[in-house]
Amino acid sequence: MENLREIEKSLNISYHMMNFDIKKCCRSPGVGLTAASPTGAPTTTAPEQNKCPANLWTVDRLPEHFDPEYRLRRDVFPQHYDVSIDINIGDGGKFDFAGHVDILVEATEPTNKIYLHSLDLEVEPVRVVEAEGEREVPVQAQSLNVEMEQLRIELGDKLAPHKKYVVKVAFKGKLGDDLHGLYRSSYLDEATNTKRWLAVTQFEATYARRAFPCFDEPEFKATFTIDIGHNSALTALSNMPASKTGPHASIKGFNHTYFPKTVPMSTYLVAVVVSDFYVTKSEHSEGHADVAIWGRRDAAGQMAYARDIAPKALAFFEEYFDIKYPLPKQDMVAIPDFSAGAMENWGLITYREAQLLYDPAVSSQSSKAHVANTVVHELAHQWFGNLVTMKWWSDLWLNEGFATYMAALGTAHLHPDWRLMEDTAVSQALSVLPLDALESTHPVVRPIEHGRQISQSFDTITYRKGSALLRMIHSFLGEKAFKQGVSRYLKQHAYGNAEQDDLWERLTEEAHREGSLPACLTVKRVMDTWTVQSGFPVVTVRRDYDKNTANVTQERFFSSKKHSAEECWYVPLSFIAAPDAAKTAKALKDAADSATHAPQEWLRCQRDEAGQIGQTVAGLPAKDKWVLFNVNMGGAYRVQYDEENWRLLAAALADPKQRNAIGVVGRAQVLDDAFELAQTDRLKYAVPLELVSSLHLEEEYQPWRVALGALSRIDNLLRNDLYYDFFREWVSQILRPVFEKQGRIRDAVTDFTASKLKNLITSWSCKMEVGDCLEQTRELFAQWRATPDPEKNNPIPQDQRSLVYCYAIRHGKSEDWIWLWDRYLKSNVASARVTILSALGCSRDHWVLRRYLEWGINEASGVRLQDSFYVFSAVASTEAGYPLARDFLYRRTKAIAKHYGTSTTRIGRYVSSIANRMNTEEEYQQLVEYTKKNSDYLTHADQAVKQGLENARNNVQWRLGHADEVYKMIQAALGGEGSETLLSVVTDSV
Ligand SMILES: [Zn+2]
C-alpha cells in the first residue's frame, strides 16, 4: 500500500541481545570482523585468524507474542475460493451485497474445528461437505467471535488429514462509506449533473473478512474464482480479466461478470471494482500484459501519463528481477474516495485520484512525480508483496521498504533528469532519522501482538527506514550482488511466503560469490543490528593528524540529550577526502554522487581502551585536507567529527572550487548532521551556523532544502520570543540575494530540480517578507481572479501555485478565500484540489479558520473524508492557525474520531501535527492532560501520541537550553551592537 504518512504505535519490546559478551569480543585476537579492502577481500593475513568467530554481537528477533486466539488455527488450510457476490450500488435505493463462498480446504491433522475470519457480515448456517462425493460433515455449532473477528465452526465428525472438503457459507453485508472492505464511493458526472455510484474494495490489511468469510492472513494463500452480480449499466473488474458477462440468473437489470481462476495469492490482494468508469488502454504489445487506466469520464484527459509509464515500469522490473509479470493484464483505477495513497491488488491497482491522474495543463511537476512514484511503487509490489509475501505482518517492511526503494530506482530510470537518487538520499535523512532518534521509535521488524497493531505498522519507519536500509545494502553489496540476490530470493519463494532471513541468505550467497562482503560476515549478521534493533548510531570520527588515521566509535543517537544505550551496529564505513589537484571537477562530482560505495572498512562491535565501541581506521588524508564519512549518505547513520575536521569541511564549503568535491548530497549531509548534532548538544551551534553562512554559494536544491528545514525548526521554537525579529532579519539576509537570482514568480522553470529550488526560496522569501515577494503573489492572484473562466485560464505557473495561493490568501480578504473555495468545488483535477485545500488554511482570519476546521470533518461541505486531514494540517501549520487547530482538536476529538469511523489510527496524525509545533512547558502539560482524558479515542494511535509527546518535550527543552546560544550567534552574524545587554534580556525571557 502507498501510505500517506501514517504515524503509529510502538511496542514496548523492541530487541534483545543474545550471546553478547563484550569482553570476549574485545579480547580474542581475530575476533570481530576483519577490515575489508575496497574490493571486499579481508585485509588481515593469518588464515587461522580469519576463522569465523563463534560468538559475536548477535541480535535475535523476539518470538511473536500475539494473542494466541487472534491468529487462525494451523490445522486447516484453504486451497481455492469460489466467491460469488451480488452488489446493490444504490439499486432500488439499497447499498448492500449478498453472496456465497465455497472454500476448498484441506486439514493437516484430524480436527473438528474450522476457524476463519468474518466481520460485519450476516452469516447463514454453514455447510461442510467432502470435496469428492459431497458427503455432508455435520456442523454442530457455529459462532461469531466479534473481538477476534472470527467465524468458528465446530463439526460433529473430525476432518481427515490430507482429504479435501468444501466449506460453504452464504452471507450478506452493507456497502459502507468508511473506505474499508467492500465500500461505496461517488462522484458528480458533469455532463449529466448526476451523482454516480461505484463499489470498490480495500482489503489490506484485514478487511477482506468484511466482504466474504475467509482465512484472512497473508500466509493462507489460495486461488480465487470470482463472479460479481451488478447493475448491467456498470462494468465489473477484478484481479483477472473478465471471461464472460451475461444477464444475471435471478435479478432483473443485473449482469453477472465471471473472472477465471487467479494465481495463488493472499486474501488482502483480492479486489473488485464495479463502476461506469471511462477506460484508456496502452498499446497492446505481444508477450506483455495489457495496461488500462480507469476513472471518471470527466478525468479522461488526465490518464495518458500513467498509461504511458506503467508498461515501461513493468518492463523495468521484469528485467531487474528477471521474472515476467505473471498476469495477462494490469488495470489501474482512480477512485474518488480512497483511504491510502494506492493499493497494489494483483492486476487491479486502486489509487486515490491525485496519485494516478495528471493534467499537464493544470498539475505541477511535483504532482507528476508523485504519480510516477506511486505507480512504480505499486508495480514493484506485484513482485514484492504479491508474488512473494511476508509470512506475517511483523515483516511488513519487506513489502513496503522494497516497494519504496524500488519505486525510487524505477522512477529514476524513467526520469533520469529528475535526479531522484539525490532526493531519496536526502529524504531519508530528513524523514527517517529524526523519527528514529526518538525513544518511542520501534524496530523495522516489529512483533505484532494483536490485530489493531497491524494497521498501525504502515508507518514511516516501515516504509522509509525499510527503504533506507535496502539502499544501504545496495550500496555496500554493489549492483551485481544486490540484483542477483533479490532475483534469486523472488524466484525461490514465488507464490509463497518469506521472512527477512530468507532474503539475507540469498544476498549473502551472492555477496560472497562477488566478494563484496568479507567471508566472515553475513548480511544477516550486519542487518539484524539494523532491522531488529530500534534506532541508529552516530559514528564519531576523531582524526590523528600526524598518523593519518582516525579513531572511529559509535553510540546510539537520541534526539534528547543524555542517554546511554548498549546497542551496537555493524556499520559500513566509506569516506572521501579533499581531492588532489589533478582530479577534474566532474570526476570529483561523479565520485561523490555515485550510487554504490564499497565500504573501506566495517565498524564492528568491539570496545577500545576507553570502553567505547570503536576502532582505528587508516588511510586518511594529510592534515590539511577534510574527510567526509558515509559517502552519499549510503548508510542510515549520522557522523560527528573532531573540531578540526569540522573546520576543514566548513572552509571547503566556503571555497567555490572545493565545494564540488563534497557533492550535492554531501553538502546536504554536512548541514543536516551539523544541525542535528548541535540540537542534541554534541556540537556547538557555531558550526551549523557557519555552514549556513556559505549558502550564498549554493545553487542546488538539496542543501537548501536541508538548511531551510533546520531553520524552520528553529523558527518554530523561537517564534514567540521577544527578539524573534533578529532571527527573521538574519534569515532574510541569507535569502535576499538568492531570491533575486530566482527571477519573477510568473516565469515558469522547466527543469524539475531548479523549479523545486525556486519554489522553496520563493516560499521562504514570502514568509519572511523579503523583497517584493508578497506583492508578486498578490498581483498574480488578482490577475487570476480577473480572468474569465478561471477553471481554464490561470496565469500562475503550475509549480508556483501552492505558494502564490497561500500568500495571497494569508494577506488577502475573506472574499478571496470564498473565491478560492469556489475554485476548489469546481476543480476537476484532484491534485489541484489538494493544493487549494492546503492554501485555504493560510488565512489569518480566526473565524474563517474555525469554520474551515469544522468543514474539514463534515462531508456535506464538499471535503471528502479522504482529504479531511489536509484541512487540519494546513491550519495547524501556520502561525495564526496553530492555536485554533490545537483548541479544535482538544474540543472536537469525539467528532473527529466519529468522522473517521474504522480508521481510528488517523487521529494520531492530528495529535502529532499539533505536538510538533509546541514549544512551552504549559502547552506540553496541556497535551499530557489531553491525551490522558481522551485515551479512549487514542488507543489506536498511541504510537503517534508517544512520539508527539516526546517531540513536544524535546522542543521545550531545546528552547531552555539553546535559544540563548542561537541568538548570540545571530547577533554576531548581524554584526549588531550591544549584544551583551540584549543577551541578558533574552536570557530572562526564555
Ligand atoms: Zn506499498
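Trainee: In what order do the 4 strands of the open sheet stand?

Mentor: A sheet is read strand by strand, from one edge to the other. In this predicted model, the order is β31-β27-β26-β33, and the pairing is mixed.

Trainee: Which strands stand at the edges?

Mentor: The edge strands are β31 (614-617) and β33 (638-641). Each has a single partner strand, so one side of each is left without a neighbour in the sheet. Direction ignored, neighbouring strands of this sheet are turned by 25 degrees against each other on average.

Trainee: In what sense do β26 and β27 pair?

Mentor: Strand β26 (residues 537-544) pairs with strand β27 (residues 549-556) in the antiparallel sense, over 8 bridges. To follow one bridge, begin at D544, whose partner in β27 is T549.

Trainee: Which helix packs on the sheet?

Mentor: Helix α15 (residues 664-679) does, touching β26 and β33. The direction of α15 makes about 75 degrees with that of β33.

Trainee: How is the crossing of helices α5 and α10 to be read?

Mentor: One considers the distance between the axes and then the angle. The axes of α5 (residues 396-414) and α10 (residues 500-514) come within 9 Å and cross at roughly 55 degrees. That angle makes α5 oblique to α10. W397, L398 and F402 of α5 meet Q500, L503 and W504 of α10 in the contact. Of these residues, 5 are nonpolar, 1 is polar and none is charged.

Trainee: Is helix α17 mostly covered or exposed?

Mentor: Helix α17 is mostly covered, with 15 of its 18 residues buried. From first C-alpha to last, α17 (residues 701-718) reaches 25 Å, close to the 26 Å expected at 1.5 Å a residue.

Note on methods:
Residues numbered from 1 in each chain as written. Predicted model: local features only at pLDDT ≥ 70, side-chain atom pairs only at ≥ 80, totals over all residues. Heavy atoms only, no water. Axes fitted to C-alpha atoms, helices over the stretch in contact; angles between N-to-C directions. Helix = DSSP H or I, 4+ residues; strand = E, 2+ residues; numbered from the N terminus. Parallel < 35°, antiparallel > 145°, perpendicular 65-115°, else oblique. Contact = heavy atoms within 4.5 Å. Nonpolar A, V, L, I, M, F, W, Y, C, P; charged D, E, K, R; others polar. Expected span 1.5 Å × (residues − 1). Buried < 20%, exposed > 50% of the residue type's maximum accessible area, 1.4 Å probe, protein only. Pairing = 2+ DSSP bridges.
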